[in-house]
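Please examine the structure shown below with attention to its cysteines and to the space enclosed within it. The paragraphs that follow take these topics in turn.

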Amino acid sequence: MSLRTLFLVGLAAGLVALGMVSCAATPDVSAETVILTPDYSTFAGGGMNLGVHTFLEHRCGTLDCHGQVGRPFRLFSQDGLRAADSGVETGGAADLPGEVYANYLAAIGLQPEETSRVVAGDDPVTDLLLVAKPLDLQVHKGGQQISVGDVSYDCLTEWLTLLPRATSTERAGVNAKCNKAGLIP
Amino acid sequence: MKSLFCTANMLVTLSLCAIAPIVWSCGSDPVHDMEVATLGDEVPGIAPGPFHRAGQPCNVCHGGEGPASTVFSMAGTIFNAKDTLVGADNVQVLLTDANKTSPPTNPVTNCVGNFFITPDQWTPAFPIIAGVQKGNIGPMTMLSQISRVQSCGFCHTLPGLEPTTQSVPPVYITVSNDPNELKGCPANPNAAGDGGSL
């Protein structure tokens, strides 16, 4: 094959590729991806309720695990990592509202689309790293932290499938389990 | 023929150049090397052994990646007051793992406050609940679990006696050491003094 033929073939391939790209639809700037998120008030607790965050902080957020600046699923807590420039120190004041909200974002932001599908009931909770890792279904440096059927598992998984429009009775059921889970250890 | 020889030579050289960085990179973990280097040199007069480097995260070197040959399953230092860095001796370290097992005998701190357990004595399943006790003082249990790190000094960092946003002060139990016993201590139990790691 001569150099001239090679050049012509390359040019033709380039033109075809350019044509295919130009055929793509114009991006729709108004398009939105709806993400369903689990209930924040049950996560944050308050009043007599410890919330999901307390259990996650105790079991996952210690300074030697997810309570570290460089870790994925980073968690802030009273006895663990504190928010920088917050004026509070490890072992000091109770969780700040901003720290609790950051923990919520860490939990749902780990796999936003998958979290949405789990909240919608389309996928099982074990599809989430947030559940599969502490169950040791996926490689987890911290090993198994919860077991199917214990209060920690129930607190986490029932919260994930508790829609914002859940009834007060349904919320109370999840809160009761998270109150028990939050006391461990 | 000469051209073939040159090509072969070039191929050998290129192969060596490609393999050399791989061989070199297999020899060490730069992150681990940096952690070891951060701990600094030994304090003059205190040889590596049970009394050295009080307060430091023991398992940086004793975790299996070296340079220490002895591996610990748990190790650390207990100090004798909140506002000093003097090691507390004869403190029992109480440990219970996820399987509700504990070491056959509780590890006890030496005169600089150091303690350690080797895997043949106890290989814990994380998480671990830890506490300290000396005589009728305690037991005092740590508020949070140990999730995966085998050195107290990883979270309870030196230097400093004040907490930060990502560390807590060294572990302490409010006691006074037996002065008679300290006379025989091969290292100064004050980590901030000439025997210590600061």
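Cys185(B) counts as buried, because its relative accessibility of 13% falls under the 20% limit. In this predicted model, Cys185(B) is joined to Cys111(B) by a disulfide, with an S to S distance of 1.9 Å. The partner, Cys111(B), is also buried, at a relative accessible area of 9%. The torsion about this S-S bond is 75°, and the link is right-handed. Cys111(B) belongs to the loop between β2 (92-96) and β3 (114-117) of chain B, whereas Cys185(B) belongs to the segment after α4 (179-182) of that chain, so the bond ties together parts that lie 74 residues apart in sequence.

Over all chains there are two disulfides. Chain A contains a link between Cys155(A) and Cys178(A), with 2.1 Å from S to S. Since Cys155(A) is located in helix α7 (residues 151-160) and Cys178(A) in helix α8 (residues 168-181) of chain A, the pair ties together parts 23 residues apart in sequence. The torsion about the S-S bond is about 100°, so this disulfide is right-handed. Both Cys155(A) and Cys178(A) are buried.

Why does Cys152(B) form no bond with Cys58(B)? The sulfur of Cys58(B) is the closest cysteine sulfur to that of Cys152(B), but the distance is 7.1 Å, which is too far for a bond; a disulfide requires sulfur atoms within 2.5 Å. Cys152(B) is buried, with a relative accessibility of 19%.

Cys152(B) also helps to line the largest cavity, together with residues including Phe79(B), His156(B) and Pro170(B). This cavity holds about 40 Å³ of space. Its lining comprises four nonpolar, six polar and no charged residues.

How values were computed. Residues are numbered from 1 along each chain as its sequence is written. Chains are lettered from A and ligands numbered from 1 in the order in which they are written. This is a predicted model: local features need pLDDT of at least 70, side-chain atom pairs count only at pLDDT 80 or more; totals for chains, interfaces and linings use all residues. Side-chain values use heavy atoms; hydrogens and water are left out. On a 1 Å grid over the protein atoms alone, a cavity is a set of points where a 1.4 Å probe fits but cannot get out, and a pocket is an open set with protein on both sides within 12 Å along at least five of seven lines; lining residues have an atom within 4 Å of a point. Grid points are joined across faces, edges and corners, and a volume is the space filled by probe spheres set on the points. Ala, Val, Leu, Ile, Met, Phe, Trp, Tyr, Cys and Pro count as nonpolar, Asp, Glu, Lys and Arg as charged, and the others, Gly among them, as polar. Helices (H or I, at least four residues) and strands (E, at least two) are DSSP runs, numbered from the N terminus. Buried means under 20% relative accessible area, exposed over 50%, partly exposed in between (1.4 Å probe, protein chains only).
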